[in-house]
Every structure is written in C-alpha cells, then in structure tokens.
Amino acid sequence: MKRIVLVIFLSFLITFGMSAASADLVDFAMDVTDNVIDAIEFGGRPAMNRIQEHMLSLNVDSMSLEQRREIYESYRVSSGFAILRNVFIGFGNGSKRQGDSWGTLIGSIGDGLGIGLLTASATCFLIDLMTFQTIGAATGSQEVGSLSDSPLMGATKALAISGAIVIGVNRLIGIIPPLVYSARYNSKLRDGLGLDKDLNLVAGPVVDPITGDSGIMMMASVSF
C-alpha cells in the first residue's frame, strides 16, 4: 500500500511539474513573434535596413568628423555580451539585445525544439511510471522508481539525449549570429556615416563638371 501511495505522489509531482513547463512553453511560443518584432529596433538604434533613412534624417553630410564618430560609438553593435547571452541564457536572447531578428528566431526555434524533446521524454517517463512501474509496484515485482525495461523507457532516454544535444548544438551555433550581425551592422553604419575602418572620413574621387578636372572629396555613403 505504501508503494502505491508513493507512486501516486511521484506521479502527481511529475504531472504538476510538466503542467508548469507546458504553460511556460505556451507562453514562450506566444512571445516568439513579439521577440522578433522587438528585435527590429532596440535601445534607439536603427535596424540595419533603416540605417540609410536614419542617417538622412540626421543630415550626416553637415556633421563634423567628431560628431560622426560619436554617433558611431553610440550606435555600434558589440558581440561579446550577445554571445554570452546566446550561450548561457539561450533562445536567441543575445541576438535580440543586438536587434538581430534572424538570430533571435534561430535561437528561439533551436532551444524550443530541444525543450520540446525533453518534454516529450518526461511525458514518456510519466506514462511509464503510471503504467508499467505502477503495476510492478502494486504486484511487488518491482521497486518504486526503478527503471523498467519497457519500450517507453528506451524512448525516454533517446528523447532526453536528443533534446540535450539539440540544445547544446544550438547554444554553440548561437556564437555565430552575434559575430556576423555586429560586423555587418557596424560596416553599414560606418558607410552611412562616411567613415572608414579607422573611423576617418572616406575619400572618394570626383570630377569637376565644368573643368573636367579630377580630385578627391571627403564623402559619406550609404550601402544596402
């Protein structure tokens, strides 16, 4: 009798835990779209596809070199903390902080899939616990909490291992998006401000339309 009560108690704890986890997963799934939308613009920094429009609104051509450098330092995207967030927090959190919608989406899908596999593993274990192991405990042929040899236990292990691998691989892959996004964003930002890699004004060749003489002009450019 004590064994049956213990099994029921364990089943209740697992069921309660899985219900809470499922609720969190539902909330997470509903927030994915909002996260991606939020990632379009963060902290007043223009999204990558809005840099040209934003630079035009700032009238960059009339700015001094120091003013352009100040804007660059204010808007530039770093990758260090974003990588740490993607690896240790997961779900593309670091990419979201950068403003990278694709990195956010990829990280969210990868970790979401991994957690889904772990949840499926826990479900198989719960079913096994409430059927094969409960019967074994009730009949006295098996101790409570011992691993059964049922097919479900094999599926439980396989799903758990798969979920852990998916999450681990996704966290490692999460290192890449922050590096790529920061490099691309900062490059476009420099172009929009008319700065080179050393944060000096870009020099471009020009031709006098009247005399036809060529020369050098410090200029700003915006790339797409």
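User: Happy to start with the fold: which pattern does the chain follow, read along the sequence?
Analyst: Good place to begin, and please keep in mind that this is a predicted model. The chain holds 9 helices and 2 strands. Read along the sequence, these elements follow the pattern α-α-α-α-α-α-α-α-α-β-β.

User: Thanks! What percentage of the residues in the chain is buried?
Analyst: Buried here means under 20% relative accessible area. The chain has 224 residues, and the buried share of them is 33%.

User: Which helix gives the most residues to the largest nonpolar core?
Analyst: That core has 15 residues, and those with the most contacts inside it are Met55, Tyr72, Tyr185, Leu189 and Leu193. Two or more residues come from each of helix H2 (51–58), helix H3 (65–75) and helix H9 (176–193). With 4 residues, the one that gives the most is H9.

User: Let's look at Tyr72. Which residues does Tyr72 touch, leaving out those up to four places away in sequence?
Analyst: Tyr72 is among the residues with the most contacts inside the core, and Tyr72 is also one of the buried residues of H3. Beyond four places in sequence, the residues Tyr72 touches are Asn186, Leu189, Arg190, Leu193, Leu195 and Leu199.

User: Why are the buried residues of H3 on the same side of the helix?
Analyst: The buried residues of H3 are Arg68, Ile71, Tyr72 and Tyr75. They lie on the same side of H3 because the arc they cover around the axis is only 100°. As a general point, an α-helix has 3.6 residues a turn, so residues three or four places apart point the same way. For H3, the value that settles the matter is an arc of 100°.

User: What do the buried residues of H3 pack against, and which exposed residues sit on the face turned away?
Analyst: On the buried side, the packing partners of H3 are H2 and H9. The face turned away from that side carries the exposed residues Glu70 and Ser74.

User: Now helix H4: which of its residues are exposed on the other side from the buried ones?
Analyst: In H4, residues 80–88, the buried ones are Ala82, Ile83 and Asn86. Their arc around the axis is only 100°, so they share one side of H4. What covers them includes helix H5 (93–98), helix H8 (151–173) and H9. The exposed residues on the other side are Phe81 and Phe88.

User: Last one: which residue with a positive phi follows H4?
Analyst: Its phi is near 85°. The residue that follows H4 with this positive phi is Gly90.

How values were computed: Residues are numbered from 1 along each chain as its sequence is written. This is a predicted model: local features need pLDDT of at least 70, side-chain atom pairs count only at pLDDT 80 or more; totals for chains, interfaces and linings use all residues. Side-chain values use heavy atoms; hydrogens and water are left out. A nonpolar core is a set of buried Ala, Val, Leu, Ile, Met, Phe, Trp, Tyr and Cys residues joined through side-chain atoms within 4.5 Å. Buried means under 20% relative accessible area, exposed over 50%, partly exposed in between (1.4 Å probe, protein chains only). Contact means heavy atoms within 4.5 Å. The arc is that of the directions from the helix axis to the C-beta atoms.
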